[in-house]
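Open the model in a viewer and keep the sequence beside it. The stops below follow one another by selection.

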Amino acid sequence: MLSAADNELLTRTGAGTAMGELFRRFWLPVLLAQELPDPDGPPVRVKVLDEDLVAFRDTDGRVGLLDPRCPHRGANLFFGRNEACGLRCAYHGWKFDVDGRCVDMPTMAPASSFRERVRTGAYPTREWGDFVWAYLGPSALTPALPELEFARLPAAHRFVSKKLQQCNWAQACEGALDTAHFSFLHMPVWSADDAVDAAVSRSSVDRQRTRWMRDDPRPEFEVVGHDVGFVAGAARTADGDARYWRIAQFMLPNHALTPNAFPGENIHGQTWVPITDEAAWVFCYTWNPDRPLTEEERRAYRAGRTVHAEVDARFVPLRNRDNDYLIDRDAQKRRTFTGIQGVSEQDAMIQDSQGWIADRTREHLGPTDAAIIEFRRLLLRGARDLRAGIEPAAARAGAGYRLRGGSIVADRGLSFADVMQKRFGNAVGRADG
């Protein structure tokens, strides 16, 4: 469990909070690039870390992320005109470029230099991996972009999406690191052996994985730190004298990679960006380093497979907190553990059910919570260190984010270090060896 004070420290990310300052030392995804498809297109409202902003793509294709309040009279620039390399306020015509500079002030005489002294708040942005990333911290400490593998590949090798999470960011991220839950949350019902085929794809490999997870609900965890976070391996009993290892990654401050992929299979990851302390955007990505994704795979992800959710035009999952995730109690009784369709929606249901902000003072943790414990330790230490003036080293280690999660079946006698070498060719899962 955590103390009430530590729970507050972990979960609060607004301006001036210790965890909020830690988040602001890193680049964060704030939009899908497709949300700003055209130069001079409509502006888009953005809210991250409890801060209201407005984004636009200017005539030259650059993305601006501005304080939405016009410094003249406080009108909202979301209603402004995006034209000629600037966002023009609809109230009196003041126009601001992507850097927040006032480039036109028609209410003042042409010879006036007043506009040169007027700016609106602006954050730097980068487009990377089909996301728009923003840096909300001190300009003198601008970090490296995280070199996540999906973003370094050709666009044909990846699929990205975005979904709303209706709870605090931290408990949602913890859910991705708690790989023990696969033995329950995503399973067919215990009594229905033939439901395994209905719950997973038809390959014998998928049926084996499901059986191993169903039959061994007590995976043994190993957690190893690295430059930007940690890798967590969970070993279950497989057939014969083998163990089924599922290896997840956590990268500061808010990225996780799933443990599902055998060599050659698609890899999945998620990044949680707080909107407020009671909601987050989850940016999801799937990639294959060896080949382009097929159109069939893309259709499946758009329909809500793996980490991706089926969402509406506002990126709200169709099955969500407000409609009880369209739970089917008959299906829960007869076919699946939850009666809820979709791995992503099952995760969201259980994470949201912990409360808008989980109360960790009431928990009782055990051995299968090893990755959760390390996640909290790492984040709390990072926030405290920053408050003491120690900047996060991970923010400067962009290449350290070139990591993979994955699975392997290995001899029971192999150590976790040996398993990592066998699966990835190195100790921590680096994508580049």
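Is leucine 49 buried or exposed? Select leucine 49: its relative accessible area is 1%, so it counts as buried. Bear in mind throughout that this is a predicted model. Leucine 49 sits in the loop that joins strand E2 (44–48) to strand E3 (51–57). Check its backbone as well: phi is near 50 degrees, a positive value in a residue other than glycine.

**Two more loops**

Go next to threonine 306, in the loop between helix H7 (295–302) and H8. Here too phi is positive in a residue other than glycine, near 55 degrees. Threonine 306 is partly exposed, with a relative accessible area of 23%.

Then select leucine 252 and proline 253 and show the peptide bond from the one to the other. That bond is cis, with omega near -5 degrees. Proline 253 belongs to the loop between strand E15 (242–251) and strand E16 (255–257).

**Helix H8 and glutamine 332**

Select residues 329–334, which form helix H8, and pick out glutamine 332 within them. Glutamine 332 has 26% relative accessibility and therefore counts as partly exposed. Leave aside its neighbours within four places in sequence, and glutamine 332 is in contact with Val189, Ile327, Phe337, Thr338 and Gly339. For a distance check, draw a line from its C-alpha atom to that of valine 343: the two residues are eleven apart along the chain, and the atoms are separated by 14 Å.

**Helix H9**

Move on to helix H9 (343–352). Eight of the ten residues of H9 are buried, so the helix is largely enclosed by the rest of the structure. To colour them, select Ser344, Glu345, Gln346, Asp347, Ala348, Met349, Gln351 and Asp352. What do these buried residues pack against? Show strand E12 (158–165) and H4, and the partners of the buried H9 residues are on screen.

**Helix H4 against helix H10**

Keep H4 (residues 169–177) and add helix H10 (residues 370–387): their axes come within 9 Å and cross at roughly 140 degrees. The two helices are therefore oblique to each other, and H4 passes H10 in a right-handed crossing. On the H4 side, show Trp169, Ala170, Cys173, Glu174 and Leu177; they meet Ala371, Ile372, Phe375, Arg376 and Leu379 in H10. Coloured by class, the residues of this contact are eight nonpolar, no polar and two charged.

Stay on glutamate 174, whose side chain meets that of arginine 360 in a salt bridge (3.2 Å, N to O). Arginine 360 lies in the loop between H9 and H10 and glutamate 174 in H4, so the pair ties together parts that are 186 residues apart in sequence. Arginine 360 counts as buried at 0% relative accessibility, and glutamate 174 is buried too, with a relative accessible area of 6%.

**Helix H1 against helix H10**

With H10 still shown, select helix H1 (residues 4–11): the two pack at an angle of about 80 degrees, with their axes 10 Å apart. That makes H1 roughly perpendicular to H10. H1 contributes Asp6, Leu9 and Leu10 to the contact, and H10 contributes Phe375, Arg376, Leu379, Leu380, Ala383, Arg384 and Arg387. By class there are six nonpolar, no polar and four charged residues in this contact.

**Salt bridges elsewhere**

The structure holds 40 salt bridges. Select arginine 88 and aspartate 104, whose side chains form one of them (2.8 Å, N to O). The pair links distant parts of the chain, 16 residues apart: arginine 88 is in strand E6 (residues 87–88) and aspartate 104 in strand E8 (residues 102–104). Arginine 88 counts as buried at 16% relative accessibility, whereas aspartate 104 counts as partly exposed at 27%. Add Arg81 and Glu83 to the selection to see the network of salt bridges that links them with Arg88 and Asp104.

End at glutamate 310 and arginine 319, where the side chains meet in a salt bridge (3.3 Å, N to O). Glutamate 310 counts as partly exposed at 26% relative accessibility, while arginine 319 counts as buried at 6%.

Methods
Residues numbered from 1 in each chain as written. Predicted model: local features only at pLDDT ≥ 70, side-chain atom pairs only at ≥ 80, totals over all residues. Heavy atoms only, no water. Axes fitted to C-alpha atoms, helices over the stretch in contact; angles between N-to-C directions. Helix = DSSP H or I, 4+ residues; strand = E, 2+ residues; numbered from the N terminus. Parallel < 35°, antiparallel > 145°, perpendicular 65-115°, else oblique. Left-handed = near helix turned anticlockwise from the far one by under 90°. Contact = heavy atoms within 4.5 Å. Nonpolar A, V, L, I, M, F, W, Y, C, P; charged D, E, K, R; others polar. Salt bridge = Lys/Arg side-chain N within 4 Å of Asp/Glu carboxyl O. Buried < 20%, exposed > 50% of the residue type's maximum accessible area, 1.4 Å probe, protein only.
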